[in-house]
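Me: I have a protein model open and want a quick tour. Can we go through it piece by piece?

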Amino acid sequence: KIFLAWIYNATKQVNFFFIDTHKHKDKHKDKDHRHKDHKKDKEREKFKHSNSEHKEHSEKKHRDKEKLKHSDGSSDKHREKHKEKDREKRREEKVLDAIFPFTLMGCVLLWFVVIRWEEERYTDGSKWRFLEHKGPVFAPPYEPLPDKVKFYYDGKPMKLSAPAEEVATFFAKMLDHEYTTKEIFRKNFFKDWRKEMTSEEKSKITDLNKCNFSEINEYFKAQSEARKQMSKEEKQKIKEENERLLQEYGFCVMDNHKERIGNFRIEPPGLFRGRGDHPKMGMLKRRIRPEDIIINCSKDSKHPKPPPGTKWKEVRHDNKVTWLASWTENIQGSIKYIMLNPSSRIKGEKDWQKYETARRLKKCVDRIRAQYREDWKSKEMKIRQRAVALYFIDKLALRAGNEKEEGETADTVGCCSLRVEHVKLYPKMDDQEYVVEFDFLGKDSIRYYNKIPVEKRVFKNLQLFLENKQPEDDLFDRLNTSILNKHLQELMDGLTAKVFRTYNASITLQQQLKELTCPDDSIPAKILSYNRANRAVAILCNHQRAPPKTFEKSMQNLQSKIDEKQNQLSAARKQLKAAKADHKASHDDKTVEVKRKAVQRIEEQLMKLQVQATDREENKQIALGTSKLNYLDPRISVAWCKKWGIPIEKIYNKTQREKFAWAIDMAEKDYEF
């Protein structure tokens, strides 16, 4: 009913628009005619005034006649006006009858466009009804090394088989990286490399230390340098080819909407690096072939074709998921997916729902905190453990942790899977009471180390949990993530341990921005405040990184620019002082003003460079991007930018702006998480 009413009103409005436009044109014509008549009257008046006095009497008579004539003409015009109105009305009715079907059709089409971003959700759990795409783009085949590029073993050149040579190039490309100096990396690489060798190669190559990859390394460095020296035409050709692939493989059709695909290229083979001290670093990531790929599309779509002479592992029609293709990688046995681009409707809606769930937690977090504090005194050990674990997840933004099969992945843990060896208790440390020291490997083998004072009852409970346990025993032996999340669902619909992490990250950013942002600061200073607020979140979430290899060099370059700018400022100030001295004699205000503006401009440039240096130094071991993309409600950042007049591109790059387009449109400057 609402839809029909809307269509009816919209149709009327569109019809009247056409009619009003037609009326406007008629009025415009009448106006032109009246303008011409008015012009003629003026000319006649001019002519009358130019006549001599002796014709005044006759002119008066003429004017009386004209007046009488005009009076008769007015009554004629009045009658004509009524007739014209009737004709106009009949014309309107004819136009309405003629254009109504077309206008109705246009409004219906408009309605479907409007609901593009408000489509109804399928109640059966389906994500789509129709899905069509071209499948993935595979990594190019291996190109053997030129004959002049040699591999040496024990000082002697040795020709390798193609599979062994390809794996050797992976190691050679990384010779300048610290990974190739790590024992576990070298051991894993050599083990997997030998699997690719022929029996003859295996019998000869028995010691990695006797292998010389330097010529191969130099060859790839030269290739890299040659790519940098390409002509504009060559670069343009590559760009056009990439654009062609993007247009062919980079989009899919989902429910009659063209959607951008995120990662349509299959990752090429190489050596696994991992983060931190991952025990599987150096292992060979095998080449993914069509026979490894599961394609997902709708039955009635045109199915992607595999490369000639190959076939897909499987073609599925599962509309309960949004991935387009999947395969299992060989290092950790995890499933990799080709998904929609983060800027797609489904991804954007999922992000919005995630942050809205965290906002709902804000409304009931005080009640939940009061409850887990009460549970610290429970008579049941299971409830006490659950309450203490929830306290750590809330206070320290720890991940919940998942159970893993032994030997499958690195020894990484989360809150629920902490062992006795990961926790130390200190009744007093550094003038603080009840201190807990955490030391364990978290996600991606990133070390989590923290010393934090806790409430007395939490400390007493931890002492109780540690009693009569060995270092390898679980700290929370009566708890796992399933039990914890089931309890959280009872506290709030949709609540999981991860929601606490999102909530604490977002609320911390909002609070820090309020504390750190100074209204009188310049734009660079405000951006520094934003990055400091973001860093507080990254530290809370333990988002670390190794300092970039080029960090020292880039800081030296920046310091050189700062020194140069300080010299410029010193010279500009001297010039200003001299101009002021000359002003007393010459009274030349213009020169003094020019010199003053030059000093101000250089001061601003210097401050910008100094802020940049401070920012880089403070963030050299902190990864700001992870929290910004995954844990911080983007509407907080957008609102902050709008409030203080900061260009959004100073906070989000192009890809991030596409991902958070919904937030940029939605958030106003007064938005509160």
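Me: Which element has the lowest mean pLDDT, and which the highest?
Reply: Helix α1 (residues 2–50) has the lowest, at 45, and strand β9 (residues 294–296) has the highest, at 96. pLDDT is the predictor's confidence in each residue, from 0 to 100. Helices (H or I, at least four residues) and strands (E, at least two) are DSSP runs, numbered from the N terminus.

Me: Where does the pLDDT drop below 50?
Reply: One such stretch is residues 42–55, which has three contacts in the model beyond near neighbours in sequence. Contact means heavy atoms within 4.5 Å. Residues 65–71 are also below 50, with zero contacts beyond near neighbours in sequence. Where pLDDT is low, the predicted coordinates should not be read in detail.

Me: What is the average for the protein?
Reply: The average pLDDT is 82, and 78% of the residues score at least 70.

Me: Ground rules before I zoom in?
Reply: This is a predicted model, so local features need pLDDT of at least 70 and side-chain atom pairs count only at pLDDT 80 or more, while totals for chains, interfaces and linings use all residues. Residues are numbered from 1 along each chain as its sequence is written, and side-chain values use heavy atoms, with hydrogens and water left out.

Me: How many helices and strands are there?
Reply: The protein has 19 helices and 15 strands. Of its 673 residues, 37% count as buried. Buried means under 20% relative accessible area, exposed over 50%, and partly exposed in between (1.4 Å probe, protein chains only). Among contacts between residues at least 6 apart in sequence, 68% join residues at least 24 apart.

Me: Sheets next. What is the strand order in the open sheet of three strands?
Reply: The order is β3-β2-β4, with antiparallel pairing. Strands β3 (156–157) and β4 (211–212) stand at the edges with a single partner strand each, so one side of each has no neighbour in the sheet. Two strands pair if DSSP finds at least two bridges between them.

Me: How many bridges join β2 to β4?
Reply: Two bridges join strand β2 (residues 152–153) to β4, and the strands run antiparallel. Y153 has C211 as its bridge partner in β4.

Me: And β13 with β14, how many bridges there?
Reply: Six bridges join β13 (residues 423–429) to β14 (residues 432–441), again antiparallel. One partner pair is Y426 with V435 in β14. The two strands form a hairpin with two residues between them.

Me: What is phi doing in that turn?
Reply: D430 has a positive phi of about 50°. D431, in the loop between β13 and β14, has phi near 65°, a positive value in a residue other than glycine. D431 counts as exposed, at 78% relative accessibility.

Me: D255 has a positive phi too. Is D255 buried or exposed?
Reply: D255 counts as buried, at 12% relative accessibility. D255 lies in the loop between β5 (251–254) and β6 (257–260), and its phi is near 50°.

Me: Switching to cysteines. How many disulfides?
Reply: The count is zero. A disulfide here is a pair of cysteine sulfur atoms within 2.5 Å.

Me: Why no bond at C415?
Reply: The closest cysteine sulfur, in C416, is 5.3 Å from that of C415, so it is too far for a bond. C415 is buried, at 1% relative accessibility. C641 is buried as well, at 3%.

Me: How many aromatic pairs?
Reply: There are 25. Rings of Phe, Tyr and Trp (its six-membered ring) pair if their centres lie within 6.5 Å; planes under 30 degrees apart count as stacked, over 60 as edge-to-face and the rest as tilted. In one of the pairs, the rings of W376 and Y391 have centres 5.3 Å apart and planes at 85°, so the pair is edge-to-face. W376 lies in the loop between α8 (345–375) and α9 (381–396), and Y391 in helix α9, so the pair ties together parts 15 residues apart in sequence. Both W376 and Y391 are buried.

Me: Which residues form an aromatic cluster?
Reply: F151, F171, Y179, F185, F189, F190, W193 and F213 form one.

Me: What sits over the ring of Y631?
Reply: The charged end of R501, 4.9 Å from the ring centre. K258 lies over the face of F251, at 4.6 Å from the ring centre. The rule for a charge over a ring is NZ of Lys or CZ of Arg within 6 Å of the ring centre and within 35 degrees of the ring normal.
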